[in-house]
Amino acid sequence: MATPDKKLKVAIMGAKGYPYVYGGYDTMIKELGERLVAKGVHVRVYNHRALFPEKPRWVNGIECIYTPAIESKSLTQLTHTFFSMVHACFSDVDVIFVVNSGNGPFGLLARLFGKPTAINVDGLEWLRPKWKGLGAKYFYWASKMATKFYDQIINDSEEMRRVYLELFQKDSVVIAYGANPKESVSSEPLSKWQLDPQGYYLIVGRLVPDNNADLIIEGFLKSNSQRKLVVVGDVPFKDAWANRLKEIQDPRLLFTGYVRDPLELAALYSHCYAYFHGHEYGGTNPAMLKALGYGCAILALNTPFNQEMLQNGKHGWYFEKNGNSVKELVEKAEENPKALEELRKTARSGLTQKYNWDHVTEQYLEVFESLRKK
């Protein structure tokens, strides 16, 4: 039995690691891990060995363990979590926290070893176009297994909670993803791409079908806008769909690829005329939170998740899933600069308490403490 004053020891796995920050899960582990350490929790993060040329054991008070993986597009992430889970089960951690519903089946290992577990299951992975056939079936099955093998399911939006209740008859704790609002950001980095403040629309995200960049590009190029459309992001592998987009020739279209410099990315968000959000599946989206935090006027695909995040139109306008709807929204935006200015002014107020990282950390800590008591 753990004594109340014994330091809580939490193992975190399922993302690339710490302090590797590119994706949403990596950001969450960084923001959450550092705050938990400040609250006196022993945090151990399992890092993807191949991504870390240097392998210090401790970084900013977080213990880093470097586990291997079978390096292939579909197996890397799952095998990395499997090896991490085995290591954690044989260690003295009090609670194992896993991200990504694809890791659902590995909860069985922890259960056999009597380790309390929580999993953040995130979006509707099985519906994403990139997981066709077997991949989609696996993610659906894995998400179902997560509801059976983990002690606590965590979703980051009320809409995802509803989906899990409906599909798997399993309730979950809702803890949103956090955001860091930024008031004033220099426009100087824009000169790298010869861009002017408010002279462009922005898309940020991986170039994959479920983010609908193709639809946004098609609709934008049909519109009468004289502004540019800047597409930030790429895919880390050769991909015919992404290449087809990048081959479109139009002076209004600019592909930057990945932008890894945080100051450049901040400038692109802060000074865009409007930010396009085409993400179709999933709960609280980190790119959308960034857009709110940087004070963007947001044009989002009409989905229940985006409605929830933008408070049903209070903090953005919506387009339907077709090019003409995008075209019409762009032309509406061009004709209503005052209305867009109003969206920019009120964007940060959309980051209510639930999206505050300190509040998010408190909620996770409550979950971990109650699991340890079990």
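## Strand β7 and its partners

In this predicted model, Ile154 of β7 has Val173 as its bridge partner in β8. That contact belongs to a parallel pairing in which β7 and strand β8, residues 173-174, are linked over two bridges. Ile154 also stands opposite Asn120, and strand β6, which spans residues 117-120, runs parallel to β7 and is joined to it by three bridges.

Strand β7 itself comprises residues 152-155, and both of its faces are covered. On one side Gln152 and Ile154 are buried, and on the other side Ile153 and Asn155 are buried as well. The connection onward from β7 passes through helix α5, residues 158-168, and together β7, α5 and β8 make a right-handed β-α-β unit.

## The sheet as a whole

These strands belong to an open sheet of eight strands with mixed pairing, whose order is β3-β4-β2-β1-β5-β6-β7-β8. The edges of this sheet are formed by β3, residues 58-59, and by β8, each of which pairs on one side only.

At the β3 edge the pairing is antiparallel, with two bridges joining β3 to strand β4, which covers residues 62-67. Within this pairing, Val59 has Ile62 of β4 as its bridge partner. The β8 edge, by contrast, is held in the parallel sense through its two bridges to β7.

## A nonpolar patch on the surface

Ile70, Leu75, Phe82 and Phe83 make a nonpolar surface patch of about 330 Å². One of these residues, Leu75, lies in the loop between β4 and α2, the latter being residues 76-89.

How does Leu75 rank in terms of accessibility, buried, partly exposed or exposed? Leu75 counts as partly exposed because its relative accessibility is 39%, a value that falls between the limits of 20% for buried and 50% for exposed residues.

## Glu264 in helix α8

Helix α8, residues 262-270, contains Glu264. With a relative accessible area of 16%, Glu264 is buried, since the cut-off for that class is under 20%.

Which residues is Glu264 in contact with, once its neighbours within four places in sequence are left aside? The contacts of Glu264 that remain are with Pro189, Lys192, Trp193 and Val259. The description of Glu264 thus combines a position in α8, a buried classification and contacts that include Pro189 and Trp193.

Methods: Residues are numbered from 1 along each chain as its sequence is written. This is a predicted model: local features need pLDDT of at least 70, side-chain atom pairs count only at pLDDT 80 or more; totals for chains, interfaces and linings use all residues. Side-chain values use heavy atoms; hydrogens and water are left out. Buried means under 20% relative accessible area, exposed over 50%, partly exposed in between (1.4 Å probe, protein chains only). Helices (H or I, at least four residues) and strands (E, at least two) are DSSP runs, numbered from the N terminus. Two strands pair if DSSP finds at least two bridges between them. A crossover is right-handed if, with the strands pointing away from the viewer, the path from the first strand over the helix to the second runs clockwise. Patches are made of residues with over 30% relative accessible area and no salt bridge: like charges are joined within 9 Å, nonpolar side chains (Val, Leu, Ile, Met, Phe, Trp, Tyr) within 5 Å. Accessible areas come from the Shrake-Rupley method with a 1.4 Å probe; for residues, only the protein chains shown count as cover. A salt bridge is a side-chain nitrogen of Lys or Arg within 4 Å of a carboxyl oxygen of Asp or Glu. Contact means heavy atoms within 4.5 Å.
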